[in-house]
Amino acid sequence: MNKTIEKIVSLCKRRGFIFQSSDIYGGFSAVYDYGPLGIELKNNISQLWWKEMTQTHENIVGLDSGILMHPKIWEASGHVGAFNDPLVDCKQCKARYRADEFSEDFNSLDWTEIKCPNCGTTGKMTEPRQFNLMFKTHVGPVEETGTEAFLRPETAQGIYVNYQLVQGAMRMKIPFGIAQIGKAFRNEIIARNFIFRTREFEQMEMQYFVKPGTDDSIMKEWKEKRFQFYLDQLCIVEKKLRYKEHGENELAHYAKEAWDIEYEFPFGWSEIEGIHNRTDYDLSRHEEFSGKNLNYFDQPNNERFLPYIIETSAGLNRMLLTVLADAYWEDEENNRVVMKLHPRLAPVKAVVCPLVKKDGLPEKAREIMDILKPHFKIVYDQQGSIGKRYYRQDEAGTPFGITVDHQSSEDNTVTLRHRDTQKQDRVSIDKLVNTIQENI
Ligand code: GAP
């Protein structure tokens, strides 16, 4: 099977997972809209993450902070000064690249010898220039100095500036965590590979506040837990996942140690989540810029300290692309494409199909819809041959096909088709809820 990103993009459009933004206007670069199946899948993934963080860990609580925040936050965090990408242009064809695409050590390259990958001209590349990735806007009706604000490039800072309020209100004792899911914006120079790198995306970040000195061992614990999440909750194939440590030159301005969880996408191994030891960098900078004391008081030991922070930072859209890429399967034997999503993740859990549009079968199928609807997201389909109906749902990743036939009216049973094996069982209607539930 030749699994390409183009095939996944095409299926996503065809089945209503993901659309290019502003399609009727010719599209809007590096922004995507999530269709009916995409939003269900995205919600299923983010709910698993939220549950894992805030429900299975008693010492992690949630937060939803604003996208717009005090502009000084971004000076303190270092984003105004250091959140840059190196940019080079081809003077011949105007193509634009990130300099680090040519070499990680791009500063030592002789740019007069570099050939433009687009037009093939050598000697027309500019020297790298630093380009800040934050989107600027203005707050209030007048665009003047002092009204400038930024769209947040990470959700993390909203957690740091609220950490004392959360800690006090919830009486949290170190170590404790604060989790947040929300939009982030980056004016990426080169946005590519579908939803992998976009200008508007969602992050799922958890900041874990720890006592300095315990940070190395807690970092190790979170590294293991986060890797396991991909295996246990998202059911990703283990050999497609790996850890990669950031080298000295790759470390972000705030990090003492950083690891990426990578997935082998059709376009190669790429980062889906980062686990970072941010030390007390952020809190100490916010102390400096706000003038507020952000110390934590450890009552039993009667000591005050600035916590260190272990961060787990995942992109929801990249996680979704990981799930889609992992699930895509061309069943050559049966000439069909299947999204082998775990039933827990599948946007729709079952399709209910009357075998024919007469003899009371649609009415019986509607009765089954009414039984299942309070429990699961299901769809009704009576259009086209039964085979076509199943194949449509195979591409949507729907794990169960329920067919109502003439026998159903006689003995209250239906056929239950399993997506991956196409095996069919005869199941009593009153057992359907339990049977589906057991698989989720
Ligand atoms: N708070 C730390 C932080 O933001 P990051 O490595 O820059 O660290 C974390 O981003 C995660 O956010 C990445 O692993 C990725 O999943 C996601 N991400 C970052 N930039 C993205 C983009 N332009 N499009 C989609 N996802 C992105």
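This passage looks at the ligand site and at the second largest pocket of a predicted model.

The ligand sits in a shell of 22 residues, and the closest of these are Glu154, Glu188, Thr198, Glu205 and Glu271. Sorted by class, that shell breaks down into 10 charged, six polar and six nonpolar residues. As for where the shell comes from, strands S10 (200-210), S13 (268-279) and S16 (308-315) each chip in at least two residues. S13 gives the largest share, with six residues.

Some polar side chains come up against nitrogen atoms of the ligand. Glu154, already listed among the closest residues, places a polar side-chain atom 2.5 Å from a ligand nitrogen. Two arginines show up here as well: a side-chain N or O atom of Arg278 is 3.4 Å from a nitrogen atom of the ligand, and for Arg318 the corresponding distance is 3.5 Å. On its own the ligand would expose 550 Å², and the protein buries 93% of that area.

Turning to the second largest pocket, its volume comes out at about 300 Å³. It is lined by 16 residues, with Val161, His286, Ser290, Lys292 and Leu294 the closest to the centre. Helices feature in this lining: H3 (72-76), H6 (163-170) and H8 (281-290) each supply at least two residues. By class, the pocket lining has eight nonpolar, six polar and just two charged residues, while the shell around the ligand has 10 charged ones.

Definitions and conventions:
Residues are numbered from 1 along each chain as its sequence is written. This is a predicted model: local features need pLDDT of at least 70, side-chain atom pairs count only at pLDDT 80 or more; totals for chains, interfaces and linings use all residues. Side-chain values use heavy atoms; hydrogens and water are left out. A residue is near a molecule or strand if one of its heavy atoms lies within 4 Å of it. A polar contact is a pair of N or O atoms within 3.5 Å; within protein, one must be able to donate a hydrogen and the other to accept it, and residues adjacent in sequence count only if both atoms are side-chain atoms. Accessible areas come from the Shrake-Rupley method with a 1.4 Å probe; for residues, only the protein chains shown count as cover. Helices (H or I, at least four residues) and strands (E, at least two) are DSSP runs, numbered from the N terminus. Ala, Val, Leu, Ile, Met, Phe, Trp, Tyr, Cys and Pro count as nonpolar, Asp, Glu, Lys and Arg as charged, and the others, Gly among them, as polar. On a 1 Å grid over the protein atoms alone, a cavity is a set of points where a 1.4 Å probe fits but cannot get out, and a pocket is an open set with protein on both sides within 12 Å along at least five of seven lines; lining residues have an atom within 4 Å of a point. Grid points are joined across faces, edges and corners, and a volume is the space filled by probe spheres set on the points.
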